Structure formats: structure tokens, C-alpha cells
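Student: I have a new model open and would like to go through it one piece at a time. Please bring up the sequence and structure, and we can begin.

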Amino acid sequence: MKTKIVQIVLLLLAGCVIGASFMGLSVVVMHKTSSDKYCISCHTNHSLLPDNPQFSHLYNSKGITVKCADCHIAPGIGNYLKAKAGGFKDVLTYMFNGDFNTKEWIDKHRSELAEKALSDIAKTSSASCIECHSKIKSDLPKDMEPLAREIHQYNNAKPVEDQKQCIYCHRGVAHHYNKEWATKHTEGIKNN
């Protein structure tokens with residue numbers, strides 16, 4: 001009887017150690033696959049490669065460098081896991097689609113990719129944007145241009161469900177975007 005209890009306790013301890021090790025390894029893998037270095041290892045023709053310093057989110061006067069995951073993974077564990085599942089799909093596509101991520105493929109699918117990014121950010125009510133730019137909702141920066149201040153005040157005064165998402169007006173701060181796609185969405189904003 002005593003031997004059986006010892007076996008059960010040892011089995012439970014082994015299960016706990018294996019479970020904790022698996023969880024720890026999972027966290028390390030998830031963290032490593034959220035780094036810019038990892039993202040750019042597949043997205044080799046991406047518009048944010050280090051030799052493309054024209055974007056304010058990559059190089060700016062305040063010395064802040066925004067990472068891929070800062071925008072592409074909305075805050076919260078559910079959003080994190082959803083982004084990781086989408087990233088896994090991207091890894092499989094990279095491995096099995098020979099022309100994926102060539103400049104030609106990206107140019108051909110740029111509108112579709114921009115549409116998906118817009119949709120993903122809008123579904124989270126621009127949570128990634130607001131995570132860093134929280135004062136836009138509560139205390140507008142003093143050095144903001146007068147027209148921008150007026151537009152933000154107008155938008156912030158609306159009920160939350162009627163407010164425009166950040167991404168609708170702030171395109172091109174991190175990626176090249178298709179002008180035709182941007183014009184279509186700008187027209188939609190003007191008409192609302």
C-alpha cells in the first residue's frame with residue numbers, strides 16, 4: 001500500500017515537472033517567434049527591412065523602435081494566441097509555396113494583405129495602436145497639429161461604437177500601401 005502511494009506521488013511529481021517544462025518551453029518559443037529577427041527570417045522582402053528607415057514607427061526622433069509584434073499582436077492572451085495561430089499558417093505557406101514572399105507575390109497580394117491587416121486591427125478596436133498612444137484618447141499631445149487635434153477631438157467625442165479606428169486614417173506609418181486601396185478606404189471615411 002505504502003509503495004503504491006509513493007508511486008502515485010512520484011508519478012504526480014513527474015507529471016508536474018514535465019508539464020511545467022512544457023509550459024516554460026512554450027513560453028520561450030512563443031517569445032522567440034515574436035521577435036523582429038524571427039519575423040524577417042521569413043518576410044525577407046518585407047517593407048520594414050532595416051535598410052528601409054523612412055517609417056516613423058521604425059526610426060523616429062524620440063528613439064522609440066516599434067517591433068512587428070507591437071502592432072501585429074493586439075494586447076491580451078486571446079489575441080496573442082490567435083496571432084500565433086495565424087503566424088503558424090504563414091510559416092507553412094512560406095515552407096510549401098515557392099513564390100510566397102517574393103517581391104512579385106507581395107506586389108500582387110498587397111491590397112489583400114492590407115485589407116486583412118486593416119480588418120484585424122479594426123476587430124480589436126485599434127487596441128495595438130492605443131496600447132502605445134493611449135493619450136490620444138484622454139489627453140491629446142500639446143504639439144499636435146491644429147487640424148489633427150480637431151479631428152481627434154471630434155472622433156473621441158463620438159460614442160465608442162461610432163469612432164473611426166486609428167488604422168483608417170493612419171496608413172503607411174509602417175508599411176508601403178497600395179494607393180488604390182488607400183483611396184477606396186479614404187472615400188469610405190469621407191462618406192461616413
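Student: Between which two helices does the loop with Ser125 lie?
Tutor: In this predicted model, helices are DSSP runs of H or I with at least four residues, strands are runs of E with at least two, and both are numbered from the N terminus. By that rule, the loop that holds Ser125 runs between helix H5 (103–123) and H6.

Student: What pLDDT do side-chain atom pairs need before they count?
Tutor: Two housekeeping points help here. Residues are numbered from 1 along each chain as its sequence is written, and side-chain values use heavy atoms, with hydrogens and water left out. As this is a predicted model, local features need pLDDT (the predictor's confidence in each residue, from 0 to 100) of at least 70, totals for chains, interfaces and linings use all residues, and side-chain atom pairs count only at pLDDT 80 or more.

Student: Back to the loop: is Ser126 buried or exposed?
Tutor: Ser126 lies in the loop between H5 and H6, and Ser126 has a positive phi of about 55° although it is not a glycine. Ser125 likewise is not a glycine and has a positive phi of about 55°, but at 43% relative accessibility Ser125 is partly exposed. The terms work like this: under 20% relative accessible area is buried, over 50% is exposed, and in between is partly exposed (1.4 Å probe, protein chains only). Because its relative accessible area is 1%, Ser126 is buried.

Student: Which side chain makes a polar contact with the side chain of Gln165?
Tutor: Gln165 sits in the loop between helix H8 (146–157) and helix H9 (166–169), and with a relative accessible area of 15% it is buried. Beyond four places in sequence, Gln165 touches Ala122, Ser125 and Ser126, where contact means heavy atoms within 4.5 Å. A polar contact is a pair of N or O atoms within 3.5 Å; within protein, one must be able to donate a hydrogen and the other to accept it, and residues adjacent in sequence count only if both atoms are side-chain atoms. At 2.8 Å, the partner for the Gln165 side chain is that of Ser126.

Student: Which residue's backbone oxygen does the side chain of Ser128 reach?
Tutor: Ser128 is in helix H6 (residues 127–132) and is buried, at a relative accessible area of 7%. Leaving aside neighbours within four places in sequence, Ser128 contacts Asp70, Cys71, Ile73, Ala74 and Pro75. At 3.2 Å, its side chain reaches the backbone oxygen of Cys71.

Student: How many disulfides does a search of the whole structure find?
Tutor: A disulfide here is a pair of cysteine sulfur atoms within 2.5 Å, and a search of the whole structure gives a count of 0. Cys68 is in none, as its nearest cysteine sulfur, on Cys39, is 4.2 Å away. Cys129 is in none either, with the sulfur of Cys166 the nearest at 4.3 Å. The disulfide count is therefore, by that definition, 0.

Student: Which residue does UniProt list for "binding site"?
Tutor: UniProt positions follow the numbering used here, feature names are shortened, and annotations may be inferred rather than shown by experiment. The listed residue is in helix H4 (residues 77–96) and is partly exposed, with a relative accessible area of 28%. Beyond four places in sequence it touches His43 and Phe100, and its side chain has a polar contact of 3.4 Å with that of Lys89. The unreviewed UniProt entry names Asp90.

Student: Which helix has the lowest mean pLDDT among the elements of the protein?
Tutor: The protein averages a pLDDT of 77, and 80% of the residues score at least 70. Residues 188–192 stay under 50, and the model has 4 contacts beyond four places in sequence for them. H8 has the highest mean, 89, while the lowest, 52, belongs to helix H10 (residues 179–190).

Student: How many helices does the secondary structure of the protein have?
Tutor: Read along the sequence, the pattern is α-α-α-α-α-α-α-α-α-α. There are 0 strands, and the number of helices is 10.
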